[in-house]
Amino acid sequence: MSAMREGSHSRVVQELGRRIAGLTLPAGTVLTLAGLEEEFGTSRTVVREAVRVLETHGLVRSRRRVGITVQPRTEWDNLNASVIQWTLDGPRRRDQLIELMDLREAVEPVAARLAAQRATAEQRAELLRSATALSDLGAAGLGDSDDYLAADIAYHSLLLTASGNALLAQMAGPVTEILRGRTSYGLTPSDPRPGTLEAHVATAAAVAAGDVDVAEREARHHLALVADEVSALQQPSTAPGSIPVA
């Protein structure tokens, strides 16, 4: 695929993805290749490629003599990174964050418990290092910084991986997207909520010590605090892509 075609293809995918996830194109809307070709000023081949990508995400279904039909959200690949990003960029941002937090609360405490049983010595040590880095950065008022985000992603990804469960480890992708989403939309405080930094460290220490009950309890406590923050957010009141009042 040429660089020009790839760029056009990506532009169509991104624009249609945002419209569908942002509910500008509601479920049941029927599009046509000819209409999309005209709107985006690109070739039929590029439009077909873009539609195929959206089909793999479950956002649309293409049928001959019917057209390209926008699918209900129940059909979407809702854990796909692009789908998460497109949804966060629209009016359902708060709802998406709450749903992802519900998922984290169901998954991460179990992962912490398993990590306390199964993590390697290297993983236990690295988890403690990441938790300490988070604590230091947060205490310095850098909770909204790129360094804090990187450490936070590393910590939670490792916690899931250290569970020794491949299915739980795959949740690192969606968790990464919620962490990135909160930061990119200015929803992560520079001074982390009291108790969150301590819970990170306590969870990591319990995993390192092999204390399954404390690891699970502290992970659950940490996520409950973050969930309260997310629930307090307001829905975006301006155009998609703008930063909401929080």
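**Close-up 1. Bridge partners in strand β3 of the predicted model.** Ile68 of β3 is the bridge partner of Leu31. Ile68 is also the bridge partner of Ser62. Strand β1 (residues 30-31) and strand β3 (residues 67-70) run antiparallel and are joined by 2 bridges. Strand β2 (residues 60-63) is likewise antiparallel to β3, with 4 bridges between the two.

**Close-up 2. The hairpin of β2 and β3.** A turn of 3 residues lies between these strands. Within this turn, Arg65 has a positive phi of about 65°.

**Close-up 3. Helix α2 (residues 33-40) and its buried residues.** Leu33, Leu36 and Phe40 are the buried residues of this helix. Viewed down the axis of α2, they fall within an arc of 65°, so they line one face of the helix. Residues three or four places apart in an α-helix point the same way, because there are 3.6 residues a turn. Gly41, just after α2, takes a positive phi of about 60°.

**Close-up 4. Helix α6 (residues 121-139) and its two sides.** The 19 residues of α6 reach 27 Å from the first C-alpha to the last, close to the 27 Å expected at 1.5 Å a residue. Buried residues of α6 are Gln123, Arg124, Leu127, Ser130, Ala131, Leu134, Leu137 and Gly138. Down the helix axis these fall within an arc of 160°, so they line one face of α6. Ala121, Glu122, Asp136 and Ala139 are exposed, on the face turned away from the buried side.

**Close-up 5. Packing around α6.** The buried residues of α6 pack against three helices: α5 (93-118), α7 (146-161) and α10 (196-209). Just after α6, Gly141 has a positive phi of about 75°.

Key
Residues numbered from 1 in each chain as written. Predicted model: local features only at pLDDT ≥ 70, side-chain atom pairs only at ≥ 80, totals over all residues. Heavy atoms only, no water. Buried < 20%, exposed > 50% of the residue type's maximum accessible area, 1.4 Å probe, protein only. Arc of directions from axis to C-beta. Pairing = 2+ DSSP bridges. Expected span 1.5 Å × (residues − 1). Contact = heavy atoms within 4.5 Å.
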